[in-house]
Amino acid sequence: MSQDVVARIKAEYRSALEKLNNGFPEEARLGFTKLLMEQPNSPEIHYQLSRVAYEKGERTKQFEYLKKALELKPTEPGLVETLIDLFDDLGEYDQALKAHDHLALISPNKKKIATKKAAYLQRLGRFDEAQERFRKLIKNSPLSGNLYKTFYTGMKVPENEPTLKTLGKLLKSKKADKRELMQGHYAMAKALEDQKKFDQVFEHLNAANSLQAELAPIREEKQNVIHDVFYEKQLKGDLKPIDFESPVTPVFVTGMPRSGTTLTEQIIAAHSNATAGGELGIIFNRTTNLPIANNDPKPLHLCTEEELRLYAETFIKLMQRDTGAKSGVITDKSIRADVIYGYLATAMPQAKFIIVQRDARDIAISIYKNMFKLGSHRYANSLPEIAHAIKAFRKNVEHWKERMPERIYEVYYDQLVADPENQARALIDAAGLEWEDACLEFHKAKNRVKTLSVAQVRQPINKGSSQAWKRYEKDLQPFIEEWGDDPWV
């Protein structure tokens with residue numbers, strides 16, 4: 001093959017890849033398909049075509065291209081990781097576990113892969129297997145704070161838990177880096193709370209949050225950008241739904257982090273005609289892909305019915321892609337969905353909006369004691385900033401309640417755990433479903449859970465986390481003072 005041909009192929013590959021990465025999968029497909037005719041044994045081209053199929057919601061084609069890429073390059077860890085995600089999305093959990101085992105054989109980072117499998121078993125509710133694996137991992141890597149944090153997430157930590165001794169050594173170590181120390185302090189706080197040593201918890205929470213704030217500082221100028229921009233973009237929209245029929249019913253379960261959205265979603269998803277999407281994370285991408293003006297979404301009142309229909313069709317197709325559901329209700333509990341309720345309500349007449357409310361003090365303590373992905377919720381490391389974030393959320397909710405009251409249903413967490421059957425019945429009705437007793441037995445489901453509430457959703461509804469803030473009232477004073485006189489719920 002001449003140098004000119006090689007240069008042309010590389011240029012065409014880069015061009016197709018750029019189109020795919022910029023949100024033009026159909027144009028990318030044409031480019032990669034042409035290249036495949038010349039390079040039929042290229043694992044890279046097969047992999048990129050699997051990505052195209054994924055973006056188009058074509059799961060069968062995605063699997064076929066990915067399988068071929070693996071046949072051509074069976075020792076490529078990235079391909080196996082993609083296959084694991086595919087099996088997981090399709091609910092093929094045993095196949096995903098087998099792929100984990102194959103990845104362990106070919107990956108140079110054995111510890112990372114072993115940790116991922118232990119965490120995956122945890123999310124599947126196979127806690128005993130996960131615990132055995134985590135203890136072995138900690139024995140070999142006692143200075144890894146991530147191991148303790150992930151391990152303790154899926155269990156109640158007793159005082160005689162043997163790994164507590166090595167965790168204590170980690171927290172005193174001068175060799176551990178800040179990230180490992182941060183995660184170690186979160187883990188110790190979790191253990192102390194499980195052991196009801198509430199007076200010692202905040203020592204470690206303050207240390208963990210201080211380290212995280214150092215690693216990912218709050219950027220105050222960006223805290224309200226999303227709210228402000230999208231508020232203005234939707235203000236003139238009349239919210240009259242377009243004419244659009246959907247094969248599924250999207251149900252947006254919205255709330256502050258740690259407010260009870262996972263519990264709410266799992267109750268709905270236990271219904272035979274519903275599927276949990278979790279935090280799908282596709283609504284903002286698709287909203288910002290409306291015709292762009294100055295890098296902002298197009299104002300709602302200027303969007304044509306054709307544009308909104310394309311948005312809705314794309315979103316529904318991706319919902320089905322990521323859940324495997326062909327019909328019925330699909331829940332999406334993506335954070336901050338409330339910010340774009342106007343776009344969602346106008347584009348999807350069948351969509352339902354469920355907002356979960358909880359005592360602000362319980363939300364605050366739960367946010368402060370849980371570690372999110374570094375940099376994703378920067379306000380979470382400051383109790384006063386948490387107060388500001390909750391207030392902003394509630395202000396936005398009130399805006400939409402005034403504009404489309406008939407489409408919003410509010411769930412109150414404390415009422416749900418105090419009177420689960422009656423509240424769950426009302427919730428199921430709000431989701432457009434007929435009551436099934438299975439909705440109160442969501443904890444028996446075998447599906448995997450991608451959430452910080454991985455252990456809680458495997459248990460029946462209980463009142464244990466309701467008004468938990470009272471244990472920490474003294475430590476919570478910076479939040480309480482910043483909150484002021486507004487109602488707690």
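**Figure 1. Contacts of Thr249 in strand E1 of the predicted model**. Thr249 touches Gly328, Val329, Ile330, Gln350 and Lys352, with neighbours up to four places away in sequence left out. Thr249 belongs to strand E1, which covers residues 248-254. The contact partners Gly328, Val329 and Ile330 fall in the range of strand E3, residues 328-332. Thr249 and Asn109 are 140 residues apart along the chain, and their C-alpha atoms are separated by 42 Å.

**Figure 2. The loop that holds Leu239**. Leu239 sits between helix H13 (225-234) and strand E1 (248-254). The phi angle of this residue is near 65°, a positive value in a residue that is not glycine. Most residues other than glycine have a negative phi. Is Leu239 buried or exposed? The relative accessible area of Leu239 is 11%, so the residue counts as buried, the limit being under 20%.

**Figure 3. The loop that holds Arg336**. Strand E3 (328-332) comes on one side of this loop and helix H17 (341-347) on the other. Arg336 also has a positive phi, of about 70°, although it is not a glycine. Arg336 has a relative accessible area of 26% and is therefore partly exposed, since that class lies between 20% and 50%.

**Figure 4. Helix H18 and the helices around it**. Helix H18 runs over residues 360-368, and 9 of its 9 residues are buried. They include Arg361 and Asp362 as well as Ile363, Ile365 and Ile367. Which helices do the buried residues of H18 pack against? They are H11 (178-194), H12 (198-215), H19 (383-403) and H22 (477-483).

**Figure 5. Phe479 and the nonpolar cores**. The largest nonpolar core has 108 residues, and Phe479 is listed with Tyr152 and Met348 as having the most contacts inside it. Phe479 touches Ala360, Arg361 and Ala364, which are buried residues of H18. Its other contacts are Leu383, Ile386, Ala387, Ile390 and Trp488, not counting residues up to four places away in sequence. Apart from the largest core lies another, of 20 residues, among them Ala274, Leu416, Val417 and Leu427.

**Figure 6. Gln423 in helix H21**. Helix H21 spans residues 420-430 and contains Gln423. With a relative accessible area of 21%, Gln423 is partly exposed, because the limit for a buried residue is under 20%. Beyond four places in sequence, Gln423 touches Tyr409, Gln415 and Leu416. Leu416 is one of the residues of the 20-residue core. The C-alpha atoms of Gln423 and Asn140 are 47 Å apart, and the two residues are 283 positions apart in sequence.

**Figure 7. The whole protein, for orientation**. The protein has 22 helices and 5 strands. Its C-alpha trace spans about 70 × 60 × 45 Å along the principal axes. The radius of gyration is 24 Å, which agrees with the value near 23 Å for a compact globule of 489 residues. Buried residues make up 51% of the chain. Among contacts with a separation of 6 or more, 72% join residues 24 or more positions apart. The accessible surface comes to about 23,600 Å², and carbon and sulfur atoms supply 49% of it. There are 73 positive and 69 negative side chains, and the centres of the two sets lie 6 Å apart.

Technical notes. Residues numbered from 1 in each chain as written. Predicted model: local features only at pLDDT ≥ 70, side-chain atom pairs only at ≥ 80, totals over all residues. Heavy atoms only, no water. Helix = DSSP H or I, 4+ residues; strand = E, 2+ residues; numbered from the N terminus. Rg over C-alpha atoms; globule rule 2.2 N^0.38 Å. Buried < 20%, exposed > 50% of the residue type's maximum accessible area, 1.4 Å probe, protein only. Contact = heavy atoms within 4.5 Å. Areas by Shrake-Rupley, 256 points an atom, 1.4 Å probe, with all protein chains shown as cover. Lys, Arg positive; Asp, Glu negative; His and termini not counted. Charge placed at Lys NZ, Arg CZ, Asp CG, Glu CD. Core = buried A, V, L, I, M, F, W, Y, C linked by side-chain atoms within 4.5 Å.
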